[in-house]
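Please open the structure in your viewer and display the side chains as sticks. The tour below moves from one charged residue to the next.

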Amino acid sequence: LPALYRWFENIRFKSRSKHVEITMLFLLVSLTGFAQKRSEKKIHLKEALQLAEKQNMELQTMRKEAAYWKEMQTGVFDPSKTQLSFEYGNINSFNNDTKFSLGQTFEMPSVYKRQKDLYKTREELQGNAVEMKSVAIKKQVTERFYNIVLLLERKKMIGFLDSVFSRFQAAATLRLKTGESNVLEK
């Protein structure tokens with residue numbers, strides 16, 4: 001196909017008429033249709049939408065991120081590590097003292113609640129982003145689907161017009177051979 005395209009581009013027509021452009025378009029559409037007939041599989045819009053939503057990597061990533069924020073809500077209470085210390089020596093008097101200490105810090109409960117609210121909000125935002133992306137993908141797939149339908153219908157129409165013009169040309173040739181018309185009319 002690229003070789004044919006290059007060949008047609010190198011041809012210099014004295015007057016590029018609509019007939020020449022339509023013929024080239026029909027030839028290219030026919031050749032691409034012939035090449036795709038082996039792998040051509042009819043698919044409905046509903047199937048195309050399901051397939052696009054299932055296989056879109058960006059949408060899958062966004063869903064995983066929403067699941068991440070949901071999972072983060074379960075681990076909000078995360079106190080610091082327990083600290084253990086031991087001291088020995090002259091701390092309070094001239095005698096040797098020993099001191100053991102065990103400590104752990106906690107935040108105020110409102111901090112954990114606000115952190116959980118933050119994660120919940122991020123999950124909701126990510127869910128909204130997933131919905132928006134899903135709608136955008138459906139819109140793009142639908143537009144492209146109907147563009148393909150339109151092109152296929154144009155291909156059928158061009159094929160029909162080609163057969164009509166071929167019959168007209170055959171009839172004009174026959175009229176010329178029988179002497180009912182002249183070369184100019186043909």
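Select Lys-138 first; in this predicted model its relative accessibility is 36%, so Lys-138 counts as partly exposed.

Next, add Glu-53 to the selection. Glu-53 and Lys-138 form a salt bridge, and 3.9 Å separates their closest N and O atoms, which falls within the 4 Å limit applied to such pairs. Because Glu-53 belongs to helix H3 and Lys-138 to helix H5 (residues 109-178), this contact ties together parts that are 85 residues apart in sequence.

Keep Glu-53 in view and select Arg-63. Here a further salt bridge is found, with the closest N and O atoms of Arg-63 and Glu-53 2.9 Å apart. Arg-63 is part of helix H4 (residues 57-74) and Glu-53 is part of helix H3 (residues 45-55), so the pair links parts 10 residues apart in sequence. The relative accessible area of Arg-63 is 35%, and the residue is therefore partly exposed.

Now move to helix H5 and select Asp-117 together with Lys-113. Their side chains meet in a salt bridge, at 3.3 Å from N to O. What separates Asp-117 and Lys-113 along helix H5? The two residues are four apart, which means about one helical turn. Asp-117 is partly exposed at 35% relative accessibility, whereas Lys-113, at 52%, counts as exposed.

To finish, select Glu-53, Arg-63 and Lys-138 together: salt bridges with shared partners join these residues into one network. The model contains six salt bridges by this rule, including the pairs Glu-53 with Lys-138, Arg-63 with Glu-53, and Asp-117 with Lys-113.

Technical notes
Residues numbered from 1 in each chain as written. Predicted model: local features only at pLDDT ≥ 70, side-chain atom pairs only at ≥ 80, totals over all residues. Heavy atoms only, no water. Buried < 20%, exposed > 50% of the residue type's maximum accessible area, 1.4 Å probe, protein only.
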